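Welcome! Please open the model in your viewer and keep the selection tool at hand.

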Amino acid sequence: MATFEIKMPKLGESITEGTIMTWSVKVGDVINEDDILFEVSTAKVSAEIPSPVAGKILQILFNEGDTVAVGTVVAIVQLEGDSEEEKAKVAESTTSEEEAPAQSAAPVKNVKSEEARWYSPIVLQIAQEAQLSKEELDSIPGTGYEGRLSKKDIKTYVEHKKKGTQPVATATVAPQKAVSAEPAPVSQSKPATVSQPVAAASKPAPAAPVIPVSDGDEVVEMDFVRRIIADHMVLSKQVSPHVTTVVEVDVTKLVRWREHNKESFQRREGISLTYMPAIVEAVTKSLAEYPYVNASVDGYRMILKKSINIGVAVSLNDGNLIVPVIHNADKLSLSGLAGSIDTLAAKARANKLSPDDIQGGTFTITNFGTFKNIIGTPIINQPQVAILGVGYIEKKPAVVETPEGDTIAIRHKMYLSLSYDHRIVNGAMGGAFLRRIADYLENWNG
């Protein structure tokens, strides 16, 4: 019998696992190609995973709530046209294979010393319910990918702790070194500067304050996506020393250009002409001139990205945010950018983004102006090194130089704010890059 393995997809750079939130199918269901199989959430995105083949669901290997490493088989599909007799044979064989790994634990691997240990929201929830300290959580050996702490690992640990016994894993495996005060060993072939400074890894995490809850207060649990966003934002602040620079931009020419072209653009392209395509184009041109802003930092290495992939933050109906990515944005025309932005925003709000739609971003833009906010200080979307905040466009009186002398005129102005990682982008570069974006917009001619 021919079968097809459904594997946990990779939903973003540096993502090594995903949590299965819901299954849309059950064993025995007949599915078509592109039917939704399950919803998965990671540290960056929540997405529905479609089936690449048609057939019948033969096995579902993980339950809702399980956190699974990227590339792991999560379900098996019997392809169309297979007999019931063959199905029984494969099912029996697969069951035997599934039972075998349960007899021996997966080997424990050390967490990479270059980065802090990451925990899935489910692991953090169990740790919080068990009142485990950060230091105690960090000391628990993990059997997941790259030594990650799995749901099974922490549940086993908590059960043994309640019984007053020592878990087998902690008796046989050395503690993880990602949180050790000792420096990780460095290969002779690489300079020691490739690793993160030891001080950053050994510094204890500050204790969270105890929040009193008074009568009448409403306690609302964060949903899964909001928890992931919260963890990602805290991580970004811990990793990158943030600096924010602001510039005021006279976009009168851009406003007039849009007013003159929006109706013909609507007729020709079938979508509304917003300011975002022009802003994205200005950003891509500026990134080409300032490659250190289109980069990532790995320890003491600076990785300058070849592609310019622009993420544009989209506000969802449930109040959460997601950042779909325009790949190779510097190679698209203004119409191409407008079409990509419109398509990705629609897919995001309909929860139809594919894994490719949300990975590979090298720079992010977030639009505060949508909510008539004029200035913001956005948090960098890791592992990028900068993010642009776009403010609301408003009319202002301004001094304008003319051949006859200075005069007061009404101009369309907005603020742009750039938050950047001071490890790689200094104030001079950040200011010059932001000013270059402003120059493109102030001299806009379409």
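Here is a short tour with three stops: a sheet, a loop residue and a helix.

Before you start, note that this is a predicted model, in which local features need pLDDT of at least 70, side-chain atom pairs count only at pLDDT 80 or more, and totals for chains, interfaces and linings use all residues. Residues are numbered from 1 along each chain as its sequence is written, and side-chain values use heavy atoms, with hydrogens and water left out.

**The sheet.** Select S1, S8, S6 and S3, which in that order form an open sheet of 4 strands with antiparallel pairing. Strands S1 (3–7) and S3 (30–31) are at the edges with a single partner strand each, so one side of each has no neighbour in the sheet. Strands here are DSSP runs of E, at least two residues long, and two of them pair if DSSP finds at least two bridges between them. Now zoom in on S6 (residues 55–60) and S8 (residues 73–79), which are joined in the antiparallel sense by 5 bridges. Pick Gly55 and look across to its bridge partner in S8, Leu79.

**The loop.** Next, select Asp66, in the loop between S6 and strand S7 (67–69). Its side chain reaches the backbone nitrogen of Asn63 at 2.8 Å. Leaving aside neighbours within four places in sequence, Asp66 is in contact (heavy atoms within 4.5 Å) with Gly18, Thr19, Ile20 and Lys151.

**The helix.** Finally, select helix H9 (residues 276–289), whose end C-alpha atoms are 20 Å apart, in agreement with the expected span. Is H9 mostly covered or uncovered? It is mostly covered, with 11 of its 14 residues buried (under 20% relative accessible area, 1.4 Å probe, protein chains only). Among them are Met276, Ile279, Val283 and Leu287.

How values were computed:
Expected span 1.5 Å × (residues − 1). Buried < 20%, exposed > 50% of the residue type's maximum accessible area, 1.4 Å probe, protein only. Polar contact = N/O pair within 3.5 Å; in protein donor to acceptor, adjacent residues only side chain to side chain.
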